[in-house]
2 protein chains.
Amino acid sequence: MIIQIEPQSDIPIYMQLTNQILEGIARGALRQGESLPSVRAFAADLGVNMHTVNKSYHELEKRGIIRIVPKSGAVIQSQEAIEKNNPHYQRIQQEMKTVIAEALVLGFKSEQIEELVASVTKELKGKPRLK
Amino acid sequence: MIIQIEPQSDIPIYMQLTNQILEGIARGALRQGESLPSVRAFAADLGVNMHTVNKSYHELEKRGIIRIVPKSGAVIQSQEAIEKNNPHYQRIQQEMKTVIAEALVLGFKSEQIEELVASVTKELKGKPRLK
DNA sequence: TGTTTGTTCTACATGGAATAGAACAAATGT
DNA sequence: ACATTTGTTCTATTCCATGTAGAACAAACA
C-alpha cells in the first residue's frame, strides 16, 4: 500500500488517509480478513500523529469498511452483497447524486457519465493483488 | 427552488446550500442564463447569514457553475460539452473514483453501480422545469 | 436620488483538526 | 513470568474553518 499524504491540502489528513485506504481495499491491495497496521506503526510510517490515524480508522468503522477489535487490530470487513434498505446504500446513493448533479451541470452527457463510471470501475477492479 | 438547511448537520451550511443549488440546476428548476437571488435576499429567506450565502456562491463560481457579475448578480453558466482535459472533468473523475471505491468495498456489484448511476441520472434529468 | 447590489473589513464565538504527552488495562511475544 | 505492543482515554495546546454580526463603500438600478 502506497499512501501519499499532502499536509497542505484543504482535505483533512484523516480524510485523505481514509479515502486512500478505501481505494487500496477496492483495488485488492488489502483483502477481507487482513488487518491494517497498528495506529502507532502507521502513524510513524506516515509521519503523522497517532490520533490522526485512529480517527481515520474509526471513520472507516463508522462506514462499515473495517471492524476494530480492541487490543487487537483493524480487520477489513467481508464484502457481502448490499441491499437497498442498507443505510450504507443510502449514503452512497446520496453521494452519487451530488457528484452526478455536478457532472450534469458542468455539461456531461449521460453517455459520458456512464463511460466515466465504467472506466473508473474497471480501473479499480481490473488489477487485483497489484501493489 | 425548495432549499432545506439543517443547521445541526456535520456538513457546513454553505456546502449544503451549494449542493442543493447544484441539484436544482441539474433538475432544471434553474436554467442557464437565469440568475440566483441576491445574497441578502437569499440569506433572509433561508434564515442564515449573508456571508454564508456569499461563500456558497463563490464556491459555485470556483467550480464553474455560475458566473458572478459584480454589482449585478449570479448568473448560471451555459452547460457546454466538456472535454477530458478540462480541469472540472478531472475533479469529477476524482470525486467519482472516491464514491465508486467506497461502493465496491461495501459490496456493490458493477451492475448495481451502473444501475444506481442510471436511476440517479434519470431522476435528475427526468422532470425538467418541475418545481 | 434613494435603494439595492456585491465586496471588503473587523470582530467575536464555537468547534474541528492536528499535535503532544501521559496513563491504563488487555493482548501478544519471548 | 516478564516485557512489549495494543487501542483507549485523558488533558492540553495551537491553528484554522465556520458562522454570525455590523459597518462601510462604490457601482448598478429604479
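Me: Two N or O atoms form a polar contact when they are within 3.5 Å of each other. How far is a polar side-chain atom of A:Thr52 from a phosphate oxygen of DNA strand C?

Reply: The model is a predicted one. A:Thr52 is listed among the residues closest to DNA strand C. The pair formed by its polar side-chain atom and a phosphate oxygen of that strand falls within the 3.5 Å cut-off, so it counts as a polar contact. The distance is 2.6 Å.

Me: Which residue has an N or O side-chain atom 2.5 Å from a base oxygen of DNA strand C?

Reply: Polar contacts to this strand include one to a phosphate oxygen, made at 2.9 Å by the side chain of A:Tyr14. A base oxygen is reached by another side chain, at 2.5 Å. The residue that supplies this N or O atom is A:His51.

Me: What percentage of the atoms of DNA strand C within 4 Å of the protein belong to sugar or phosphate?

Reply: DNA strand C is surrounded by 18 residues, with A:Ile13, A:His51, A:Thr52, A:Lys55 and B:Lys71 the closest. The strand atoms within 4 Å of the protein are divided between bases on one side and sugar or phosphate on the other. The sugar or phosphate part is 57%.

Me: How many of the residues of the surface near DNA strand C are charged?

Reply: Helix 1 and helix 3 of chain A, together with helix 2 and helix 3 of chain B, each give at least two residues to this surface. By class, six of its residues are nonpolar and seven are polar. The number of charged residues is five.

Me: How many residues surround DNA strand D?

Reply: The residues closest to DNA strand D are A:Arg40, B:Ile13, B:Tyr14, B:His51 and B:Lys55. Of the strand atoms that come within 4 Å of the protein, sugar and phosphate account for 54%. The surface near the strand has seven nonpolar, seven polar and five charged residues. The number of residues around DNA strand D is 19.

Me: Which helix supplies the largest share of the surface near DNA strand D?

Reply: Four helices each supply at least two residues: helix 2 and helix 3 of chain A, and helix 1 and helix 3 of chain B. The largest share amounts to four residues. It comes from helix 3 of chain B.

Me: Which residue places a polar side-chain atom 2.7 Å from a base nitrogen of DNA strand D?

Reply: Phosphate oxygens of DNA strand D lie 3.1 Å from a polar backbone atom of B:Asn49 and 2.8 Å from a side-chain N or O atom of B:Thr52. A base nitrogen of the strand also has a polar partner, at 2.7 Å. That side-chain atom belongs to A:Lys71.

Me: What pattern does chain A follow when read along the sequence?

Reply: Chain A has five helices and three strands. Its C-alpha trace spans about 50 × 35 × 30 Å along the principal axes. Read along the sequence, the order of helices and strands is α-β-α-α-β-β-α-α.

Me: Why are helix 1 of chain A and helix 3 of chain A called oblique to each other?

Reply: Residues of helix 1 of chain A, including A:Leu17 and A:Ile21, meet residues of helix 3 of chain A, among them A:Val53 and A:Leu60. By class, this contact has eight nonpolar, three polar and two charged residues. The crossing is right-handed. The two helices are described as oblique because their axes, 9 Å apart, make an angle of about 50 degrees.

Me: At what angle do helix 4 of chain A and helix 5 of chain B pack?

Reply: The axes of these two helices are 9 Å apart. Their crossing is right-handed. The contact includes A:Ile92, A:Met96 and A:Ile100 of helix 4 of chain A, with B:Leu116 and B:Val120 among the residues from helix 5 of chain B. The angle is about 55 degrees.

Me: How many nonpolar residues does the contact of helix 5 of chain A with helix 4 of chain B have?

Reply: Helix 5 of chain A and helix 4 of chain B pack with their axes 9 Å apart and at about 55 degrees, and are therefore oblique. Residues including A:Leu116 and A:Val120 of helix 5 of chain A meet residues such as B:Ile92 and B:Met96 of helix 4 of chain B. Beside three polar and three charged residues, the contact has a nonpolar count of 11.

How values were computed
Residues are numbered from 1 along each chain as its sequence is written. Chains are lettered from A and ligands numbered from 1 in the order in which they are written. This is a predicted model: local features need pLDDT of at least 70, side-chain atom pairs count only at pLDDT 80 or more; totals for chains, interfaces and linings use all residues. Side-chain values use heavy atoms; hydrogens and water are left out. A residue is near a molecule or strand if one of its heavy atoms lies within 4 Å of it. A polar contact is a pair of N or O atoms within 3.5 Å; within protein, one must be able to donate a hydrogen and the other to accept it, and residues adjacent in sequence count only if both atoms are side-chain atoms. Ala, Val, Leu, Ile, Met, Phe, Trp, Tyr, Cys and Pro count as nonpolar, Asp, Glu, Lys and Arg as charged, and the others, Gly among them, as polar. Axes are lines fitted to C-alpha atoms, for helices over the stretch in contact, and angles run from 0 to 180 degrees between N-to-C directions. A crossing is left-handed if the near helix is turned anticlockwise from the far one by less than a right angle, and right-handed if clockwise. Contact means heavy atoms within 4.5 Å. Angles under 35 degrees count as roughly parallel, over 145 as roughly antiparallel, 65 to 115 as roughly perpendicular and the rest as oblique.
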